[in-house]
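Visitor: Hi! I'm new to reading protein structures. Could you walk me through this one?

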Amino acid sequence: MTMAGAAGPVDAVREAHRAAARWPYAELDPAALRATGWTPTPFREFVLKVHQRCNLACDYCYVYEQADQSWRDRPRAMSEEIRRAAAAAIGRHAEEHGLTRVRVILHGGEPLLYGPRRLGELAAELRAAVPDGCVVEIGMQTNGVRLTEATVAVLREHDVKCGVSVDGTQRDHDRHRKFRNGEGSFTAVRNGLELLLRPENRTLYAGLLCTVSPDIDPVETFEQLAKFEPPVIDFLLPHANHESRPWLPPGASPTAYGEWLVKAFDHWYFGKPRQDAPRVRLFEDVMRLVLKGRSGSEQIGLSPSALLVIETDGAIEQVDALKSAYQGAAFTGLDVTRDAFDAAFDDPGVAARQIGLRALSDTCLSCRFHPVCGGGHYAHRYAPGAGFKNPSVYCEDLRLLIEHIHRRLEADIQRLLAMGEP
Ligand code: SF4
C-alpha cells in the first residue's frame, strides 16, 4: 500500500483504510464528534519501537507472522534523531495537556537488541524532555533471553522495568517461542528471570505476559508462571479476527479459550491463599468492571485508549495489535519529526478507541455483558471491509468468563452479607 501522494500522507492513509475498514474510516468523523461534545483523551502511554527485529521466531507473533508486514521496510533500529524527536514530542504533549505522569514502553521486535548504552541514553532523554512535575515511568516488554548482568545493571540505573513473555511450562513455551535454529528459549528466559528475582533487581520486575493456548493446561501454566514470582500476570488472547479466526485444536470446544480462562480464574481465585500470589490483570479487570469500576487494559471494558506507538522510522501509529487485521491497519500517516501527537485526535481509528459505547456494534449494545466486556479487544472485532464495529471474535469466550466471574463474586458477596447479619 503506497502511503504518499499529492493529497499528503494522512489523506492517503485514510483513503487506504476506507477500503479495508468502512467503520470507522468512512463512517466516523472526529470533527463532528467534537462538535457534539466529545473531548479527546490526551495520550499517556507511548510505545517506542526501538528495534524492529527479534532474536526469536515465535510462530504466533503478530509483528512478523500476521497480516501487516510493514516491519520489512523500516530501519532496524531507532536512530538518535528519531529518538530525540520522540522524547521532545512526548515532553510537549505532557506540557500542553498538564500531564503529571506518562508511561513509555520500549518494544520491538526485541527492545534489548537496541543495546544497553542506547537504552540508557533514551531513558535519560525521555526524563529530561518532560516538564517539572511530570513522572516518566519507563518499561519494556522483552522476550527475556538477553537479560544479562550488565544489561540489568543499566536498566536498574535508569529504572526501566521489564515485563517478560513466558508461555507456561518449558514444554509449552518451547513449542512456540523458539530461536531461529529451532531451539526453545525457555532455559534462556529462566536465566534472565533469575536475574530479575535477585533482591537488588526486584523493583525492575514488572510481570509476565502469557499467550493463552487451548491445548495447554491452564493450572499447570499458572503454577509454572507463579514459580517465577511475578507481581502480575497478563493472560493474552492470541490476536485474531473475523477473517483470521482463533486457532482451535481438532475437536476442541468452540469456547475453548473461555473455558481455559475460567479454569485459570478458579485456580487463581480459590487457590490456597499465599502472600506472594501474583495478580492477574485480566481477572482483576473483569472483577473491577463487574463491581462498576474501570478497566486498566485494552482487552476488556470501555475505558478510552490513551496509547500511541512510535515506530523506528518515526511513524506515529495506533496500537500494534491492529497489525493482525490488515496491511497498514495501524498507520496514521503522522510522523514524530513533523507532527504533534494532538493530530492523531483527528484519526477516525484513534477516535474510535476513545468513544466508549459509540464504538460498539448493535449486537454489543443489546448484550447484557457490554458494560464489562466493552466489545473485547478492538483488534479482535475486525471483519474485512466492514471494519471494527462488530462483536469480538472471542465474544462467546468473553461471555463465559464474565458470567462465571460475576456469579462467583455475587455468591461471595451474598455470603459476606449473610455473615454480617445479626
Ligand atoms: S463482544 Fe460479545 S460479550 Fe462482548 S459486549 Fe459484544 S456481544 Fe457482548
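Guide: Happy to; we can talk through the ligand site, two helices, the core and a few backbone oddities. Keep in mind that this is a predicted model.

Visitor: Let's start with the ligand. Which residues are closest to the ligand?

Guide: The closest are Cys 364, Cys 367, Cys 373, Pro 391 and Cys 395, out of 13 residues that surround the ligand.

Visitor: And which helices supply at least two residues of that shell?

Guide: Those are helix 13 (362–365), helix 14 (370–373) and helix 15 (395–420). Helix 15 gives the most, with three residues.

Visitor: How many of the shell residues are nonpolar, polar or charged?

Guide: Seven are nonpolar, five are polar and one is charged.

Visitor: New topic: helix 5. How far apart are its end C-alpha atoms?

Guide: They are 20 Å apart. Helix 5 covers residues 116–129, and its 14 residues should span 20 Å at 1.5 Å a residue, so the two values agree.

Visitor: Which residues of helix 5 are buried?

Guide: Leu 119, Leu 122, Ala 123 and Leu 126 are buried. Seen down the axis of helix 5, the buried residues fall within an arc of 100°, so they line one face of the helix.

Visitor: Why would residues a few places apart point the same way?

Guide: An α-helix has 3.6 residues a turn, so residues three or four places apart point the same way.

Visitor: Neat. What is exposed on the other side of helix 5?

Guide: Arg 117 and Ala 128 are exposed there. As for the buried residues of helix 5, what covers them includes helix 4 (80–97), strand 2 (101–107) and helix 6 (149–157).

Visitor: What about helix 10, which residues are buried there?

Guide: Tyr 257, Gly 258, Trp 260, Leu 261, Ala 264, Phe 265 and Trp 268 are buried in helix 10. Looking down the axis of helix 10, these fall within an arc of 155°, so they line one face of the helix. Their cover includes helix 9 (218–227), strand 6 (232–236), strand 7 (279–280), helix 11 and helix 15. Helix 15 also came up at the ligand, where it gives three residues to the shell.

Visitor: Now the core. How many residues are in the largest nonpolar core?

Guide: It has 107 residues, and those with the most contacts inside it are Phe 46, Leu 48, Ile 90 and Val 104.

Visitor: What is Phe 46 in contact with?

Guide: Leaving aside neighbours within four places in sequence, Phe 46 is in contact with Ile 90, Val 102, Val 104, Leu 308 and Ile 310.

Visitor: You mentioned backbone oddities. What is usual, to begin with?

Guide: Most peptide bonds are trans, and most residues other than glycine have a negative phi.

Visitor: So where are the cis bonds?

Guide: One joins Trp 23 and Pro 24, with omega about 10°, and Pro 24 is found in helix 2 (residues 22–25). Another runs from Gly 108 to Gly 109, with omega near 20°. Gly 109 lies in the loop between strand 2 and helix 5.

Visitor: And which residues have a positive phi although not glycine?

Guide: Among them are Asp 159, with a phi of about 50°, and Lys 292, with a phi of about 75°. Asp 159 sits in the loop between helix 6 and strand 4, while Lys 292 is in the loop between helix 11 (281–290) and strand 8 (307–310).

Visitor: Is Lys 292 buried or exposed?

Guide: Lys 292 counts as exposed because it has 8 C-beta neighbours inside 10 Å. Asp 159 has 14 inside 10 Å, so Asp 159 counts as partly exposed.

Notes: Residues numbered from 1 in each chain as written. Predicted model: local features only at pLDDT ≥ 70, side-chain atom pairs only at ≥ 80, totals over all residues. Near = placed C-beta within 6 Å. Helix = DSSP H or I, 4+ residues; strand = E, 2+ residues; numbered from the N terminus. Nonpolar A, V, L, I, M, F, W, Y, C, P; charged D, E, K, R; others polar. Expected span 1.5 Å × (residues − 1). Buried ≥ 20, exposed ≤ 12 C-beta atoms within 10 Å, placed from the backbone. Arc of directions from axis to C-beta. Contact = placed C-beta atoms within 7 Å. Core = buried A, V, L, I, M, F, W, Y, C linked by C-beta atoms within 7 Å.
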